[in-house]
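Trainee: Before we go through the details, could we look at the model together and take it one question at a time?
Mentor: Gladly; here it is.

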Amino acid sequence: MPSFLTRPSLVASLAACSAAVLSLSACAGSTADSASGGRILVIDTTFNLKSADPGRQFEPTGQTIGKAIYQTLLTFKGGDVTKPVPDLATYEQSKDRKTLTLRLRGGTFSDGSPVTADDVVFSLNRVIGLKGNPSFLLKGVTITKNDASTVTLTSKEPNLALPFILANPSLGILNSKVVRAHGGTETSADKAEPYLNRHSSGSGPYTLTAYSTTTQVVLQKNSKYTGPDDPTYDKVILRNVQTPTQKLNVQRGDSQIALNLSSDQVQRLTGGVKVLSQTSSDVVFLLLNQDESVGGVTADPKFNEAVRKGIDYQGLLQLAGKGATQPAGIIPSTFVGSLPPSEATGRDLEGARAALAAGGLKHPKVTLSYANDTAVGGLTLQPLAERIQAQLKEIGITVDLAPGPSATELDKYRAGKNQMGLWKWSPDYPDPSDYLVFLPGNLVGLRAGWKASADAELDPLVEKARLVTKSEERNAAYKEIQRRLNASGPFVSLIQPSRITVTAASVAGVEYNPVWTIDVADVRTS
Amino acid sequence: MTFVLTNLVPGDPATANLGEQASSDPAAVAEYRRQHGLDQPLPIQYARYLEDLARGDLGQSQQSHQPVLTDLRAAVPATMELAALAILLSLLVGVASGVVSALHRNRLGDHVLRVLSLLFVSMPTFWLALVAFYVFFDQLGWAAGSGRLDPGVTAPANVTGLYTVDAVLAGQWFTFWNAVSHLILPALVLTAHTVGLLTRFTRSAVLEVLSQDYVRSARAKGLPERTVLVHYVLRGALVPVITVAGLAFGALLSGTVLVESIFAWPGLGGYAFRSATTFDLPAVMGVGLVIGTIYLFVNLAVDVLYGVIDPRARVQ
């Protein structure tokens, strides 16, 4: 027998070789940063990214990238979304709140040319004309150039939400000459997306240097940026990394920021990292279908009341971890128009059983549908559904769980086919008007089989909220709407999960914003 | 077949890909359907797909908004680089271990190798990937982090899409070593399962060949043991081993999604998974076509190798 095959050390030798190669690989890796020069910020996130074209992107990762590359007319400072502040323009709203006048205050594109009113009109009209995901933001709004530095936005009805909407990175201002030269138009015939996926044409603090929807996006500091604060990092790399790897990377110092860790994952973090737990603006809610042909028992107001009183909201918060909270209404606690925490529904087991008895409902059985591949702040809907099932069992309601992939479940939910559904709403813009979708005859209301004018008491409240021109009156109207929704609506607001950001100890200035997650230009060294 | 299957799945690509508000806007939905050709009847969609396919156009991905071919040009080499190294290591270690195990039949070395191979075959690859990444990257600091290169390292100019090869072609040795450093751990993880498989198959094939008359005759003729083993035993045992290796290579190319996910490796598995879960039908069909073609070529290569190894299998 050949000696080379009979040596018992064969496996051991191979193992030793592997270890040596691994050690070598660690050495190769450790010198990478010094080779490239400049300050590099590495952010790990689970990509939800389809485009770098502001007029087409409306996904979380796209918003983060858009915020870094393109300036908007208005913006928010840090995580405070209760007050829009000037970015490229100052603003003034007419008394009837139908006209918004924006005056440009400078701004230079990355090619050195100034931002003009023509660029603003082109960029905003393009978003409307593309008929893409963010087009609805400017529905019913007319954009007019007054002079070289003034633009007017006109709405048919009072539009107090418009300043909040204009801060959305999808409404970032493009260099119209450059984009037109690469096939950009204000219609759906626009061909500029491939160009905008390779180059940036904005005035933001960074420019796009590499882009992939699956791997990483690389941003380079824009030397022509004229905004208020010069960014600290020369290069920002956003990598598409799943959460278990995000944890190890940030712990080991391979990345400086991890954006998608759950409360469970951060409990055992080591390596001197910082954990920021903030309340997200996503609201997880239960839907009880009011269409008898779909919902059956869920269309009964007494069943609705029993579910609302039977849920142990504190028990659900335990699952969501530190930073999570119970919204008192459908509008998240971080937005204007939200109800105070004192008005949040509490558990009332006796009341729940009494409601079932009053409705003559003996041992009702329902099916709860949800997407089992959806995570909110690192929390998947599966454990929430299981806990709701157990909680409602205590009052005699049997819940059959019907999970499925979001690709198929979304279809049923949006078609109004859920008897009982567990879903989340992430804000499109931080204004209470975004939550009118939950009312009868509107987008989410119809998904719950809640047809227009199904609740006569709500109609005047909604009318008031839409048409008032004073912020205080408007906020009061939204609170009234939510009280009515809490009393008899087909939605039960459950939790606002936490939003956890883990950063290296060397990093500061990270603040969660519900629109663009984090502003990479605000990140600095501590 | 991929076209029919992807269209049979319940669900609407417009719903899956448009946002909450846009999916309820008839104008946005109509525009989405027009852009992706979904407003046409299925037979016409299929005819157009075939027409485009004949021109080498696999359509546009609804997720990346790029041609599917562009996406595949990035994803396939990434997986190919990983799978090729994994299968190479597997063949080296698996065949050697199988032979050693067979030659030491029912002795301690054989028992150890059989237990190890059983362990490797039974261990879930995603679990092993997590443990390996935790131990070698996080705890020991021996392995490089996730991805194909360190964050500060620029990818070499794209020639083959294989970073190691492209870095050598460009003479970028630092990039080459960086690419190797990122490749080695995921490749070793993938190797574990295939090594286990090849060890067991090689052992069984070698044992069968060892009992053949021609091996006994070779020994009786006084040929050196090394010659008998390499030219008679191994050659005879390689046919089933090559078959298994071919299938394993195909599986490595198409089934590495979880390992790719843990190591943030932008390969074909992750692309296929993402496309399937978002109803990105052109991408799903593109992936199906690529994997089908790869299997075809792997099987062809295996058939050709049969003839090279075993003269009896040659076509006259």
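**Domains, chains and single residues**

Mentor: To begin with the two domains of chain B in this predicted model, domain 1 of chain B and domain 2 of chain B bury about 870 Å² between them, with 77% of that area on carbon and sulfur atoms.

Trainee: Which three residues supply the most of the area that domain 1 of chain B buries against domain 2 of chain B?
Mentor: The assignment places domain 1 at residues 2-54 and domain 2 at residues 74-313 of chain B, and the C-alpha centres of the two lie 38 Å apart. The contact between them draws 12 residues from domain 1 of chain B and seven residues from domain 2 of chain B. Within the area that domain 1 of chain B buries there, 44% comes from three residues, more than from any other three, and these are B:Thr2, B:Thr6 and B:Tyr49.

Trainee: How many salt bridges does the rule find across the interface of domain 1 of chain B and domain 2 of chain B?
Mentor: By class, the side of domain 1 of chain B that touches domain 2 of chain B has seven nonpolar and five polar residues, and no charged residues. A salt bridge needs a side-chain nitrogen of Lys or Arg within 4 Å of a carboxyl oxygen of Asp or Glu, and those four residue types are the ones counted as charged, so the side of domain 1 has no residue that could take part. In keeping with this, the number of salt bridges found across this interface is zero.

Trainee: Which element gives the most residues to the side of domain 1 of chain B that touches domain 2 of chain B?
Mentor: The rule finds zero residue pairs in polar contact across this interface, counting pairs with both residues at pLDDT 80 or more. Three elements of chain B give two or more residues to that side of domain 1, namely α1 (2-8), α2 (13-17) and α4 (42-54). The one that gives the most, with four residues, is α1(B).

Trainee: How many strands are there in chain B?
Mentor: From the N terminus on, every element in the order of chain B is written as α. The chain has 14 helices, and its C-alpha atoms fill a box of roughly 85 × 55 × 40 Å along the principal axes. Buried residues make up 49% of its 316 residues, while the number of strands in chain B is zero.

Trainee: What area do chain A and chain B bury between them?
Mentor: The size of an interface is often given as the accessible area lost when the parts come together. Here 65 residues of chain A are in contact with 63 residues of chain B. Of the area buried between the two chains, 61% is on carbon and sulfur atoms, and the total is about 5,400 Å².

Trainee: Which residue of chain B forms a salt bridge with A:Arg414?
Mentor: Across the interface of chain A and chain B the rule finds two salt bridges, and 13 residue pairs are in polar contact, with both residues at pLDDT 80 or more. On the side of chain A that touches chain B, 13 residues are charged, beside 30 nonpolar and 22 polar ones. In the salt bridge of A:Arg414, the closest N and O atoms are 3.9 Å apart, and the partner is B:Glu20.

Trainee: Is A:Asp44 buried or exposed?
Mentor: A:Asp44 lies in strand β1 (residues 40-45) of chain A, and its side chain makes a polar contact of 2.9 Å with the side chain of A:Asn249. A second polar contact, of 3.4 Å, joins the side chains of A:Asp44 and A:Ser255. Beyond its neighbours within four places in sequence, A:Asp44 is in contact with residues including A:Arg239, A:Gln246 and A:Leu259. Because its relative accessible area is 0% and the cut-off is under 20%, A:Asp44 counts as buried.

Trainee: Does B:Ala264, with its positive phi, count as buried or exposed?
Mentor: B:Ala264 is placed in the loop between α12 (257-262) and α13 (268-277) of chain B, and its phi is near 50° although the residue is not glycine. Because its relative accessibility is 14%, B:Ala264 counts as buried.

Definitions and conventions. Residues are numbered from 1 along each chain as its sequence is written. Chains are lettered from A and ligands numbered from 1 in the order in which they are written. This is a predicted model: local features need pLDDT of at least 70, side-chain atom pairs count only at pLDDT 80 or more; totals for chains, interfaces and linings use all residues. Side-chain values use heavy atoms; hydrogens and water are left out. Domain bounds come from an automatic or database domain assignment. Contact means heavy atoms within 4.5 Å. Buried area is the accessible area (1.4 Å probe) that two parts lose on being put together, summed over both. A polar contact is a pair of N or O atoms within 3.5 Å; within protein, one must be able to donate a hydrogen and the other to accept it, and residues adjacent in sequence count only if both atoms are side-chain atoms. Buried means under 20% relative accessible area, exposed over 50%, partly exposed in between (1.4 Å probe, protein chains only).
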